[in-house]
Amino acid sequence: MNVAFHGETSTSKPSFVLDSDGVNMVYGLPGTTAVEVVSLTDLSAQPLQLWTESQSREISAVCLGISSLGFSDPGPGRYSSAECEETLLCGSSDPRPGHDSSAECEETLLCCASVDAVVIWSLAAAQSAILAGDPLPEPIVLMSGQGQVDAITMGGGSRGGSRGYGRREDTDLDTLLVVCAGVDVHVFALPSLQNVLRLEAHAAPVLAACFCSPHAPYQLVTAGEDRTFKRVGDQAAASVAAAQASDKSSLGPKVDGAADGDDVQAEEEMQMGN
């Protein structure tokens, strides 16, 4: 079957770091500490290039998602509610069908990981600065010195079953951001940025992670270099709910290595074939 291509962009070297939310595409620039964001609605537009001094090593993983980030006290990489309702990347209006921006201020976020740091960019804040001729706002530094990160993903919350588009899940729980650093899987709740859970179920580095959207948006599946898949069920959602209720910022329960036998478990394991 012949397929017609709608557009094309290229890099000087092969890029192995890529993500898209259907509106934007982001990829790591090989051999550099920068990423480029391309608008899929206008491939002729100049790509948005992002970099920060917080990351001195090549980007190893990227992820796009939809969430809010505490607009009552905006900090670096954030922007106001009024700006949120008016603009997304490249100044376009919010393309998500049925999205109600009056309910809460959500934006397109970009998470970038390298060996030395994990940061979160506000695409609208970065684009606004570029259009105004101002310096790029610094991203939020989520982690630093955490080591190699091979996978990051977002799920649950408003990201729902279609990476933030279409049907929203009937839940008041936060969006989850998952960072796979070495053998550890760190789960953060957005917008609070609380580290609500650390999963220690793998015996070797975790290479991939995804949520089971849309049917079970808070169930997480991970794959490791130890040739196993792990599934964490609704306990992840329970951890988020507990963190929201207690409003604490301490590290959540550890799995498998927890001294107190916490009730968050890796429910299932499947061995990969040879």
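**Exercise 1.** Which residue in strand 4 does Glu36 stand opposite? Place this pair within its sheet in the predicted model.

*Solution.* Begin with the pair itself: in strand 4, the residue opposite Glu36 is Gln49. Next, consider the two strands involved, for strand 3, which covers residues 35-39, runs antiparallel to strand 4 and is joined to it by three bridges. Then widen the view to the open sheet, in which four strands follow the order 1-2-3-4 with antiparallel pairing. Strand 1 (18-20) and strand 4 (48-50) are the edges of this sheet, and because each has a single partner strand, one side of each is left without a neighbour there. On average, neighbouring strands of the sheet are turned by 20 degrees against each other, direction ignored. Finally, add helix 2 (residues 123-132), which lies across strand 2 (24-28), strand 3 and strand 4 and runs at about 110 degrees to strand 4.

**Exercise 2.** Describe how strand 11 is paired and how its two faces are covered.

*Solution.* Take the partners in turn. Strand 10 pairs with strand 11 in the antiparallel sense over seven bridges, and Val178 stands opposite Val187. These two strands form a hairpin with two residues between them, where Gly182 in the turn has a positive phi of about 65 degrees. On to strand 12 (residues 194-199), which runs antiparallel to strand 11 and is joined to it by five bridges; here Arg198 is the bridge partner of His186. Now turn to the faces: Asp184, His186, Phe188 and Leu190 are buried on one side, while Val185, Val187 and Ala189 are buried on the other.

Definitions and conventions:
Residues are numbered from 1 along each chain as its sequence is written. This is a predicted model: local features need pLDDT of at least 70, side-chain atom pairs count only at pLDDT 80 or more; totals for chains, interfaces and linings use all residues. Side-chain values use heavy atoms; hydrogens and water are left out. Two strands pair if DSSP finds at least two bridges between them. Axes are lines fitted to C-alpha atoms, for helices over the stretch in contact, and angles run from 0 to 180 degrees between N-to-C directions. Contact means heavy atoms within 4.5 Å. Buried means under 20% relative accessible area, exposed over 50%, partly exposed in between (1.4 Å probe, protein chains only).
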